[in-house]
Amino acid sequence: MTRKLTKRLLDARPTPEKRIFLSDAELPGFVAAISPARVITFYVRYRANGGGRRAPFRWVTLGRFGVLTVDEARTAARAMLNRVAGGEDPARARADRKSAPTLAELAPRFLEDAKARRKSTTAREYKRILEKDVVPAIGSRRVADIGPAELSRLHARMSDRPIMANRVVQMLGAFFTWCEVQGHRPKHTNPARDVERYQERARERFLSGPEIARLGEALDRAELVGVPPAPGRRKKLKTGKTAKHRPKSFDTPRPANPFHLA
């Protein structure tokens, strides 16, 4: 016999020798379980795959009695059962979320992709930012659960380094775009897009007197004495039996172009 679950009913129920389940008469699928240790837990029970007698039962934990009131648990159960009626499977969604990869787990794969697709300097900077600033802060978070608010807090914690804070968000933008392409997040949910960057001001610095003097000396030396050829313009150095044919111009200084100097 089912009865409407109430606080009075649960408090009056004797402690069972083994776990028992009480179904709510008002909301089918809303269940309370009482253990021999007198722990009362609320559940939602429903049939998956659109219902039907052959469909398996799913159980979703709502919380414990005491943390939740009976009315709060019933409200949560009703909302979940409405989702089930709309074709959702909350138990499967929870299981998928628990098995979803964390940021730290996906970071090495992202870096491998960056090494193949981006400049080596960019890939190295991504690696440095991830290891130093990102993974220690949010590496344990599941990629699918990270939102703009979490990235905004990370950005704010780096306010003493505003330019680097902006670079971190920029890198995370690339990371979450990659996650979307790989299927680890829904499309168009990149949380980095909504993080407001710090304003950056262009830096301008003038050479000091000693620096101007050294620059002038270097330009005079380049015009009168010359400079060694650039590494990419040097002839290949021969070794072994052909070493006697070593090109004389391998590292011989060459006068700089006066137009370039000007």
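## Ser35 and its surroundings

A residue counts as buried when its relative accessible area is under 20%. In this predicted model, Ser35 has a relative accessibility of 16% and therefore counts as buried. Ser35 is located in the loop that links strand 2 (30-34) to strand 3 (40-47).

Which residues does Ser35 touch, leaving aside those up to four places away in sequence? They are Thr15, Pro16 and Arg19.

## The chain as a whole

The chain contains 9 helices and 4 strands. Read from the N terminus, its elements follow the order α-β-β-β-β-α-α-α-α-α-α-α-α.

Of the chain's 262 residues, 32% count as buried. Among contacts in the chain with a separation of 6 or more, 51% are between residues 24 or more positions apart.

## Helix 5

Helix 5 spans residues 120-138 and has 19 residues. The distance from its first C-alpha to its last is 25 Å, close to the 27 Å expected at 1.5 Å a residue. The helix also has a kink of about 45 degrees, and this kink is centred on Leu130.

Leu130 is itself one of the buried residues of helix 5. The others are Ala123, Tyr126, Ile129, Asp133, Val134 and Ile138. The buried residues of this helix pack against three elements: helix 4 (103-117), helix 6 (148-157) and helix 7 (162-182).

## Packing of helix 5 with helix 6

Two packed helices are described by the angle between their axes and by the distance between those axes. For helix 5 and helix 6, the axes come within 11 Å and cross at roughly 130 degrees. The two helices are therefore oblique to each other, and their crossing is right-handed.

On the helix 5 side, the residues involved are Asp133, Ala137 and Ile138. They meet Glu150, Leu151, Leu154 and Arg157 in helix 6. Of the helix 5 residues, Asp133 and Ile138 are buried.

## Packing of helix 6 with helix 7

How are helix 6 and helix 7 arranged, at what angle and how far apart are their axes? They pack at an angle of about 155 degrees, with axes 9 Å apart. Angles over 145 degrees count as roughly antiparallel, so helix 6 is roughly antiparallel to helix 7. This crossing is right-handed.

Helix 6 contributes Leu151, Leu154 and His155 to the contact. From helix 7 come Ala165, Asn166, Val168, Val169, Leu172 and Phe176. Leu151 and Leu154 of helix 6 thus appear in the contact with helix 7 and also meet residues of helix 5.

Note on methods
Residues numbered from 1 in each chain as written. Predicted model: local features only at pLDDT ≥ 70, side-chain atom pairs only at ≥ 80, totals over all residues. Heavy atoms only, no water. Expected span 1.5 Å × (residues − 1). Bend = angle between axes of the 7 residues up to and from the residue. Buried < 20%, exposed > 50% of the residue type's maximum accessible area, 1.4 Å probe, protein only. Contact = heavy atoms within 4.5 Å. Axes fitted to C-alpha atoms, helices over the stretch in contact; angles between N-to-C directions. Parallel < 35°, antiparallel > 145°, perpendicular 65-115°, else oblique. Left-handed = near helix turned anticlockwise from the far one by under 90°.
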